[in-house]
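Me: I would like to go through this structure with you and ask, for each term, what justifies using it. Please set the values against the definitions as we go.

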Amino acid sequence: MPVRVLLVDDEPLVRAGLRAVLEAQPDIEVAGEAADGAAVIPLVRQLRPDVVATDVRMPLLDGIEATRAVLRTVPDPPKILVVTTFENDEYVYEALRAGADGFLLKRARPAEIVHAVRLIAEGESLLFPASVRQLAAEYGDYGGNRAARAALARARLTEREGEVLRLMARGLSNAEIAARLVVGTETVKTHVSAVLAKLGARDRTQAVITAYESGFVAPG
């Protein structure tokens, strides 16, 4: 089945460009478009996309609030890919903290756009881990976020689970973690699922944000 994508941006040219790039791929389908975050929830419920690619800044409802709304109200919500003009932007980090699965620059090359959508849909690796580290270093409250520290304390991760979380924060995929730890991929998947469940994180990105903000992993 193709990956179904909902495009959300107030610039028609941006949506047209993304549509052209994505629909050129046999495994990706653009399910629909919206010009503002306010239209996201009804379209998600109607179209059931796998990925929502949304701009951060829009007139009525921005990508951060749209992300929060989708995750709060939609059962089994889609992955959220934030599409932004600026990489080192506090809005991007706030979107990640709100629950977005990753971000993509509007100036990205077609191959990078396609790769980002596929990676977000698969959910087995962190998108642009170096950039996430940079954002966490600049805008995150490293070691000072009480909620993150409490989540980590409650999690009581085993030594191996902590090792897996650190490798996740470095952006390693399940296969790469398996090779590093000399274990099977299914074993890594089990550890990753345990880490997410214990931290109360919906995906790898949220787990990594918690790791940074609790001080468990240094963002530098």
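Reply: Gladly, and we can begin with one pair of residues, bearing in mind that this is a predicted model: Asp-55 stands opposite Val-83 in E4.

Me: What makes E3 and E4 a pair of strands, and in which sense do they run?

Reply: Two strands count as paired if at least two bridges are found between them, and five bridges join strand E3 (residues 51-55) to strand E4 (residues 79-84), so the criterion is met, with the two running parallel.

Me: How do you know that E4 and E5 pair as well?

Reply: The same cut-off of at least two bridges applies, and E4 and E5 have four bridges in the parallel sense, so they too count as paired. One example is Leu-81, whose bridge partner in E5 is Gly-102.

Me: Why are E2 and E5 called edge strands?

Reply: The open sheet has five strands, ordered E2-E1-E3-E4-E5, with parallel pairing. E2 and strand E5 (102-105) each have a single partner strand, so one side of each is left without a neighbour in the sheet, and that places them at the edges. Neighbouring strands of this sheet are turned by 25 degrees against each other on average, direction ignored.

Me: What makes E4 a mostly covered strand?

Reply: A residue is buried if its relative accessible area is under 20%, and five of the six residues of E4 are buried, hence the description. The chain reaches E4 from E3 through helix H3 (residues 63-73), in a β-α-β crossover that is right-handed.

Me: How do you know that the length of H1 agrees with that of a helix?

Reply: At 1.5 Å a residue, the 12 residues of helix H1 (residues 12-23) should span 16 Å, and because the end C-alpha atoms are 16 Å apart, the two values agree.

Me: Why can one speak of a buried side of H1, and what covers the buried residues?

Reply: The buried residues of H1 are Arg-15, Leu-18, Val-21 and Leu-22. They cover an arc of only 130 degrees around the axis, which puts them on the same side of H1. On the other side of H1, Leu-13 and Ala-20 are exposed, a word that requires over 50% relative accessible area. The cover over the buried residues of H1 includes strand E1 (3-8), strand E2 (28-34) and helix H5 (110-122).

Conventions: Residues are numbered from 1 along each chain as its sequence is written. This is a predicted model: local features need pLDDT of at least 70, side-chain atom pairs count only at pLDDT 80 or more; totals for chains, interfaces and linings use all residues. Side-chain values use heavy atoms; hydrogens and water are left out. The expected span of a helix is 1.5 Å times one less than its number of residues. Buried means under 20% relative accessible area, exposed over 50%, partly exposed in between (1.4 Å probe, protein chains only). The arc is that of the directions from the helix axis to the C-beta atoms. Contact means heavy atoms within 4.5 Å. Axes are lines fitted to C-alpha atoms, for helices over the stretch in contact, and angles run from 0 to 180 degrees between N-to-C directions. A crossover is right-handed if, with the strands pointing away from the viewer, the path from the first strand over the helix to the second runs clockwise.
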